[in-house]
Amino acid sequence: MQLVTGILAHVDAGKTTLSESLLYTTGAIRSLGRVDTKNAFLDNNSIERQRGITIFSKQANLNGKITLIDTPGHVDFSAEMERTLSVLDAAILLINASDGIQSHTKTLWSLLQSYEIPTVIFVNKMDMPDTNKEVLLEKLKKGLSPAVTDFSKDNLFSPDFNEQVSGLDDALMEKYLNEETPNADDISRLVSERHLFPCLFGSALKLQGVDELLEILNKYFKIPEYSDESGCVAYKISKDKMGNRLTHLKITGGTLKVKDFLEEEKINEIRVYSGEKYEQVKELGAGKICTVTGLKNSFAGKAYGSGKSVNNYKLEPALIYSVVIPEGIDVPKMLYILREIEEELPEIKVEYSEQSEEIFVMLMGQVQTEVIKQLLFERYKINIEFGEGRIAYKETILEPVTGVGHYEPLRHYAEVHLRLKPLPRGSGMRFVSNISVDELDTNWQRLIMTHLKEKKHAGVLTGSPITDMEIEIVAGRAHLKHTEGGDFRQSTYRAIRHGLMYSKSVLLEPIYSYEAVIPETSVGRFMSDMDKMHGNFSLEESAGGFSILRGKVPVSTMKNYMNELRAYTKGQGTLSLTVSGYDLCHNEKEVLEEINYNPDADLANPASSVFCSHGAGFVVKWDEVNNYKHIK
């Protein structure tokens, strides 16, 4: 059994340096690598070494006890980081002592909470001048959680430590009042329940605090118990230097063996990577991270056997770019190549418009566009450009509504009724069934559920994906002789669209969370700009002639503002941005007029239904479907 541990951090917090220090301290490497000398053990991709940032998550083994997963810190590659969270048993949240809690740190903390991952905090770069442990600890307690607790050796199990830890748990408080102090098992339980967050202060570069960090992981972080039922979950797809398709898995139950079949696909190899190198094994037990060859239909988040799938990642791109294809490359070939890249970076979401014959990709930001261009050139010797980015909108509904889909051309039959209900902002999509097997067989219900989950369903305002909605199967009907699987796909898609046509839909736009450090003389200008850009702000603190402001602002209004800020602050102002979900669009009417989407003309997403009369199928428009439906 191994503890699968990931390092998460804001860019420039020293994440790669800490990874190197952990590897060196445990004897996994013989010398320390550095980002600036381009010889870091885990940043082994040529693009990573050239740019000095982590782009792709990698794994390494620490002494056989801990599997370490290094994740990207730059916000443009935060979706790659999030995909690893589903396989982590523990997380190290790394914080730069000079920067403190950044807006991206808050995003990381929120994700760790969503995925319920026990976390240790390592405050790095304490060797820098003007760092104060007590001040930083108080900020962490205030900004992240009151349960953040100093685990430095001089504080561990001190009277103050015992009192604070006991105050986090009723059972421990009762023991404490009876003059019993917490023990290692008590601490381990609180950590695993996320009621206690150990915190250390040190310097990864100078190996200060690294031994203590390893000791905390080994002593207080529990390795989960796994069932004997076979299962695994994929969290990443990549290719090796020979072009082999690799599926990165965590085994969540039983034992995985070479030549095993996962959904009719045979595993040819099982590899255990550490950095660039790997060893081939014949079998591997639960809790382990591995990489397999032979799977063609795997994707990030896909579960096999008893594994739990992940299909609702939180971090998504906020911008859509058109692809400018070079001469000599036809559209189908370019689309095929980009789909290959999308397998490895599923957040880019490649789309093709048949009307304009254009390819679009969704991206997190400018740095990601540059990396993808470089990746395409290195692999395929193709130079592409991207058009100007536009906003990736979403749609939701304000009130419940029911949609009906009927599909009955000759010798086909399926009818589905779906109830669409709005959910709180940020909930994503949820799918449930509420009909008995007497009304519709379990197999058909499962098939409808598959069709609900298998694609991003388009809204009726702009054709953008729908979100923050529960879709419930409330009725369904099949025919003993004529129903085929594809019939339920058609009726399910049409039922969603039919409901949306009757709904009160609203447009959502992506929102940035920001942290700005502004000279006090420029604070008034910054606040005024945020008002104009439909953002909000709160003045957090002021010291040394600078003020820290935090808030939220629409992505669409922040174009080129970074350059403007640098200009009026004479290069002294800094702005940290993180996409933090969606909210009501501030200029919906203007956007709808500009996009000018006609849902009736969208032939790929029909709201109509197909009925049968006298041996022939005929189309019924959406506003007449309720008059023809078979289930009343």
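## Getting started: contacts and cores

Two residues are in contact when they have heavy atoms within 4.5 Å of each other. With that in mind, let us look at Phe 526 in this predicted model. Leaving aside its neighbours within four places in sequence, Phe 526 is in contact with Tyr 514, Ala 516, Ile 518 and Leu 549. The list of its partners also includes Tyr 561, Leu 565, Tyr 568 and Leu 575.

Where does Phe 526 belong? Phe 526 is part of the largest nonpolar core, which has 49 residues. Along with Phe 526, the residues with the most contacts inside this core are Met 558, Tyr 561 and Leu 575. Another core, of 37 residues, lies apart from it, and among its members are Ala 91, Leu 93, Leu 137 and Leu 315.

## A mixed sheet of seven strands

Now for the sheets. Strands of a sheet pair through backbone hydrogen bonds, either parallel or antiparallel. One open sheet here is built from 7 strands, and its pairing is mixed. Reading across the sheet, the order is β2-β3-β1-β4-β5-β7-β6. The edge strands are β2 (58–62) and β6 (148–150), and each of them pairs on one side only. On average, neighbouring strands of this sheet are turned by 25 degrees against each other, with direction ignored.

Take one pair as an example. Strand β1 (residues 3–9) and strand β3 (residues 66–70) run parallel and are joined by 5 bridges. Within this pair, Val 4 stands opposite Thr 67 in β3. A helix joins the picture too: α9 (residues 210–220) packs on the sheet and touches β1, β2, β3, β4 (90–96), β5 (119–124) and β7 (197–201). The direction of helix α9 makes about 175 degrees with that of β5.

## An antiparallel sheet of six strands

A further open sheet has 6 strands in the order β14-β13-β16-β9-β8-β17, and here the pairing is antiparallel. Which strands stand at the edges? They are β14 (277–281) and β17 (303–305); each has a single partner strand, so one side of each is left without a neighbour in the sheet. From one strand to the next, the twist averages 35 degrees.

Inside this sheet, β13 (residues 269–274) pairs with β16 (residues 289–293) in the antiparallel sense, over 3 bridges. You can find Arg 271 standing opposite Thr 291 in β16. Helix α10 (residues 331–344) packs on this sheet, touching β8 (231–239) and β9 (245–253). The direction of α10 makes about 135 degrees with that of β8.

## Charged partners

How many salt bridges does the structure hold? There are 34. One of them joins Asp 89 to Lys 250, with the closest N and O atoms 2.6 Å apart. This pair links distant parts of the chain: Asp 89 sits in the loop between α3 (78–85) and β4, while Lys 250 is in strand β9, 161 residues apart. Both Asp 89 and Lys 250 are buried. There is also a network of salt bridges, which links Glu 80, Arg 83, Lys 236 and Glu 347.

Lys 421 has two acidic partners to look for. With Glu 470, the closest N and O atoms are 3.7 Å apart. Lys 421 is in strand β25 (residues 414–422) and Glu 470 is in strand β27, 49 residues apart. With Glu 472, the closest N and O atoms are 3.0 Å apart. Glu 472 lies in β27 as well, so its pairing with Lys 421 ties together parts that are 51 residues apart in sequence.

Are these residues buried or exposed? Lys 421 counts as partly exposed because its relative accessibility is 28%. Glu 470 is buried, with a relative accessible area of 13%, and Glu 472 counts as buried at 9%.

## A threonine in a loop

Our last stop is Thr 462, found in the loop between α12 (442–453) and β27 (469–478). Is Thr 462 buried or exposed? The cut-off for buried is under 20% relative accessible area, so Thr 462, at 9% relative accessibility, counts as buried.

What does Thr 462 meet there? The side chain of Thr 462 makes a polar contact with the side chain of Ser 464, at 2.6 Å. Not counting residues up to four places away in sequence, Thr 462 touches Glu 395, Leu 507, Leu 592, Ile 595 and Tyr 597.

Note on methods: Residues are numbered from 1 along each chain as its sequence is written. This is a predicted model: local features need pLDDT of at least 70, side-chain atom pairs count only at pLDDT 80 or more; totals for chains, interfaces and linings use all residues. Side-chain values use heavy atoms; hydrogens and water are left out. Two strands pair if DSSP finds at least two bridges between them. Helices (H or I, at least four residues) and strands (E, at least two) are DSSP runs, numbered from the N terminus. Axes are lines fitted to C-alpha atoms, for helices over the stretch in contact, and angles run from 0 to 180 degrees between N-to-C directions. Buried means under 20% relative accessible area, exposed over 50%, partly exposed in between (1.4 Å probe, protein chains only). A polar contact is a pair of N or O atoms within 3.5 Å; within protein, one must be able to donate a hydrogen and the other to accept it, and residues adjacent in sequence count only if both atoms are side-chain atoms. A nonpolar core is a set of buried Ala, Val, Leu, Ile, Met, Phe, Trp, Tyr and Cys residues joined through side-chain atoms within 4.5 Å. A salt bridge is a side-chain nitrogen of Lys or Arg within 4 Å of a carboxyl oxygen of Asp or Glu.
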